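Here's a quick briefing to read alongside the structure. Have the viewer open and follow the topics in order.

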Amino acid sequence: LPHDTTLHTARMYMPDTTVASEEQMLDEFALPAAKMVGTVLPHIVVFGSTSACLLRGKDYDREICERVGEVTGAEPVSVVESVNQSLRDTRARRVAVVTPYTEEVNWRIKAGIESEGIVVSAIHGVGLSPEYSATVTPETIYSFVQSRIGTRVPGDALFIASTDYHAMSALSLLKTAYDVPIVTTNLATLQAVKRKLHGL
């Protein structure tokens, strides 16, 4: 972020990674977290979760981002839309995807990407439940990508998914191995934030 930008966070409580807990997070804890972060009077607010879109679709993701924006008085940014924009910016027709998740979650991610008109040529997940994805080191991410993707990406771009995954820290390693655009969830979101900052 630019040197004169401050970053403030409020975490949405989720007791475990069941669908019921994700629904509870959206219904009970998203807006209270927004109210807390709103006390710093932010200019831009990121709804940092893919759960809304995966569980309830893009319209709901757009709706909750608008509500978070209203609660905070800030310009909202959707993680899901940020990733979609970054994938569009690569002009990729086919994308390979790596996640920390299980096959069940991966199928939902694949469906979301393909609803944007981009073919998912391959998708590989570590098989972790989401509460453990933040514990994976960048070096482990790099090794996993190498073991599943091989020496050449089967597509026009590589997408490393998840807000809790340390994929940005693995980028320097990944860029030495692959000559295609690489999108990560958090980098895509920061790029969206920077675009909005430039418009302020």
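**A buried serine, a helix and a sheet**

With a relative accessibility of 7%, S49 falls under the 20% cut-off and so counts as buried. Keep in mind that this is a predicted model. From S49 we'll move on to helix 3, then the sheet, then a pair of crossing helices.

**Around S49**

- You'll find S49 in the loop that links strand 1 and helix 2.
- Not counting neighbours within four places in sequence, S49 touches M12, M25, D61 and V79.
- One of those contacts, D61, is itself a buried residue of helix 3.
- Another, V79, belongs to helix 4 and takes part in that helix's meeting with helix 8.

**Helix 3**

- Helix 3 covers residues 58-72, and its 15 residues at 1.5 Å each should span 21 Å; the end C-alpha atoms are indeed 21 Å apart, so the two values agree.
- Its buried residues are Y60, D61, I64, C65, V68, G69 and T72.
- Those buried residues pack against quite a list of elements: helix 1 (19-37), strand 1 (44-47), helix 2 (51-56), strand 2 (75-78) and helix 4 (79-90).
- Right after helix 3 comes G73, with a positive phi near 70 degrees.

**The four-stranded sheet**

- Four strands make an open sheet in the order 4-3-5-6, paired in parallel.
- Strand 4 (119-125) and strand 6 (182-184) sit at the edges with a single partner strand each, so one side of each has no neighbour in the sheet.
- On average, neighbouring strands here are turned by 20 degrees against each other, direction ignored.
- Strand 3 (residues 94-99) and strand 5 (residues 157-160) run parallel and are joined by four bridges.
- Look across from V98 and you'll see I160 in strand 5.

**Helices across the sheet**

- Helix 7 (residues 167-177) lies across strand 5 and strand 6, at about 170 degrees to strand 6.
- Helix 8 (residues 185-199) also lies across strand 5 and strand 6, but runs at about 85 degrees to strand 6.

**Where helix 4 meets helix 8**

- The axes of helix 4 and helix 8 come within 8 Å and cross at roughly 90 degrees.
- That angle lies in the 65 to 115 range, so helix 4 and helix 8 are roughly perpendicular.
- On the helix 4 side the contact uses V79, S82, V83, Q85, S86 and D89, while helix 8 brings T185, A188, T189, Q191, A192 and R195.
- By type, the residues of this contact split into four nonpolar, six polar and two charged.

Definitions and conventions:
Residues are numbered from 1 along each chain as its sequence is written. This is a predicted model: local features need pLDDT of at least 70, side-chain atom pairs count only at pLDDT 80 or more; totals for chains, interfaces and linings use all residues. Side-chain values use heavy atoms; hydrogens and water are left out. Helices (H or I, at least four residues) and strands (E, at least two) are DSSP runs, numbered from the N terminus. The expected span of a helix is 1.5 Å times one less than its number of residues. Buried means under 20% relative accessible area, exposed over 50%, partly exposed in between (1.4 Å probe, protein chains only). Contact means heavy atoms within 4.5 Å. Two strands pair if DSSP finds at least two bridges between them. Axes are lines fitted to C-alpha atoms, for helices over the stretch in contact, and angles run from 0 to 180 degrees between N-to-C directions. Angles under 35 degrees count as roughly parallel, over 145 as roughly antiparallel, 65 to 115 as roughly perpendicular and the rest as oblique. Ala, Val, Leu, Ile, Met, Phe, Trp, Tyr, Cys and Pro count as nonpolar, Asp, Glu, Lys and Arg as charged, and the others, Gly among them, as polar.
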